[in-house]
Amino acid sequence: MERRFQLSTQKLRSWLWDEAKGFLVGLVMATIVVELLYFMIRQSPQHWWLITWALFMGLFILLAQLAPVVLFPIFYKFEPLDDEDLRRRLVQLGERAGTRVRGVYRWKLSEKSKKANAALTGLGRTRRIILADTLLDNYAPEEIEAVLAHELGHHVHRHILKSILVQAGITLLGFWLANFVLHYAVDHHMFEELSDFANLPLLAITATLLSLLLMPALNAYSRYNERQADRYAFESIASVEPFISSMNKLAQQNLAERTPAKWIELLFHSHPAISRRVAAAEEWGRAQSVGPPA
Ligand SMILES: [Zn+2]
């Protein structure tokens, strides 16, 4: 699809290599997770779901920390941002917010795509903002600053930590449900015992159904965080104009749907529609120019 719309610039060989690497990484992680799961079910048929939940959350946090330094570099090249002007702008933004992001990295996305993107990733010492070179090379410094301010908003509002906590709650619910389903299946003689490996597909279906059901709620939560990060950006940059122009550029460059159908946005979108983000920025700009209401 991305090739048909000329968004992807990746050659077939490179794409196949990425697929192979993705498969291997997935295989290693899935093997560890499944072996651990059935080991715990055998060890403690009553409390396996609580213990495994705690173990998985530990793994999850470790992964969030390692992702920017171990996982992402498998697929993309990163290097510290060498643009002095941008670094200075970020330091100033951070100082005003009383916080500090440890690193800003240039993300070599152009090797594979024409799209532009930016993100806040990592935990603790690996916390960093990554900016696609497709963005860095084509946007004005004020526009990049607006994007940086948005990512800094995620950092200031502790969105990664909060998302991990939300994920922890959902995963706990998932494990409780998995335990319930497995016990039900054994009680009804579908399987000999709880640790029967043949019930893996049943576990997979349970997890898939639960995440499908929760997806709209999680997306709503994500959109809430995005709006908060946008508001943070409005407050920290001198004018909302570069924010608006960067949004318009991003929509054009990424072929984003500016105004998706309301129900599509509600169910599937992790970010508010571009048209809504632009409208919010314009409203903020207007409120600033007339001054706060009496
Ligand atoms: Zn964001």
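Which residues have the most contacts inside the largest nonpolar core? In this predicted model, they are I129, L131, L135, I144, L148 and F243, in a core of 38 residues. Helix 5, covering residues 141–156, gives the most to this core, with 6 residues. A second core, separate from that one, has 15 residues, including L37, M40, A178 and L194. In soluble globular proteins, nonpolar side chains tend to be buried together.

L131 shows what surrounds one of these core residues. Beyond four places in sequence, L131 touches V104, Y105, R106 and W107, along with N117 and A118. Its other partners outside that window are L136, I144, V147 and L148.

**Overall fold**

The protein chain contains 10 helices and 4 strands. Read from the N terminus, the order of elements is α-α-β-α-β-β-β-α-α-α-α-α-α-α. Among contacts with a separation of 6 or more, 73% join residues 24 or more positions apart. Some values for the chain follow.

| Property of the protein chain | Value |
|---|---|
| C-alpha trace span along principal axes | about 70 × 55 × 40 Å |
| Buried share of the 294 residues | 38% |
| Accessible surface | about 17,100 Å² |
| Share of accessible surface from carbon and sulfur atoms | 63% |
| Distance between the centres of positive and negative side chains | 2 Å |

The charged side chains behind the last row number 32 positive and 29 negative.

**Zinc site**

Three residues supply the protein donors of the zinc ion: H150 and H154 through NE2, and E226 through OE. These donors lie 2.0 to 2.1 Å from the ion. Their spacing in sequence is H-x3-H-x71-E. H154 belongs to helix 5 and E226 to helix 7 (residues 200–236), so this pair ties together parts that are 72 residues apart in sequence. Both H154 and E226 are buried.

**A loop residue, A116**

A116 sits in the loop between strand 2 (104–107) and strand 3 (118–121). Is A116 buried or exposed? A116 counts as buried because its relative accessible area is 1%, against a limit of under 20%. Leaving aside neighbours within four places in sequence, A116 is in contact with L109, A132, T134, L135 and Y139, and also with L250, Q253 and N254. L135, one of these partners, is also among the residues with the most contacts inside the largest nonpolar core. A116 and L255 are 139 residues apart in sequence, while their C-alpha atoms are 11 Å apart in space.

Note on methods:
Residues numbered from 1 in each chain as written. Predicted model: local features only at pLDDT ≥ 70, side-chain atom pairs only at ≥ 80, totals over all residues. Heavy atoms only, no water. Core = buried A, V, L, I, M, F, W, Y, C linked by side-chain atoms within 4.5 Å. Buried < 20%, exposed > 50% of the residue type's maximum accessible area, 1.4 Å probe, protein only. Helix = DSSP H or I, 4+ residues; strand = E, 2+ residues; numbered from the N terminus. Contact = heavy atoms within 4.5 Å. Donors = N, O, S within 2.8 Å, 3.2 Å for Na, K, Ca; no water. Areas by Shrake-Rupley, 256 points an atom, 1.4 Å probe, with all protein chains shown as cover. Lys, Arg positive; Asp, Glu negative; His and termini not counted. Charge placed at Lys NZ, Arg CZ, Asp CG, Glu CD.
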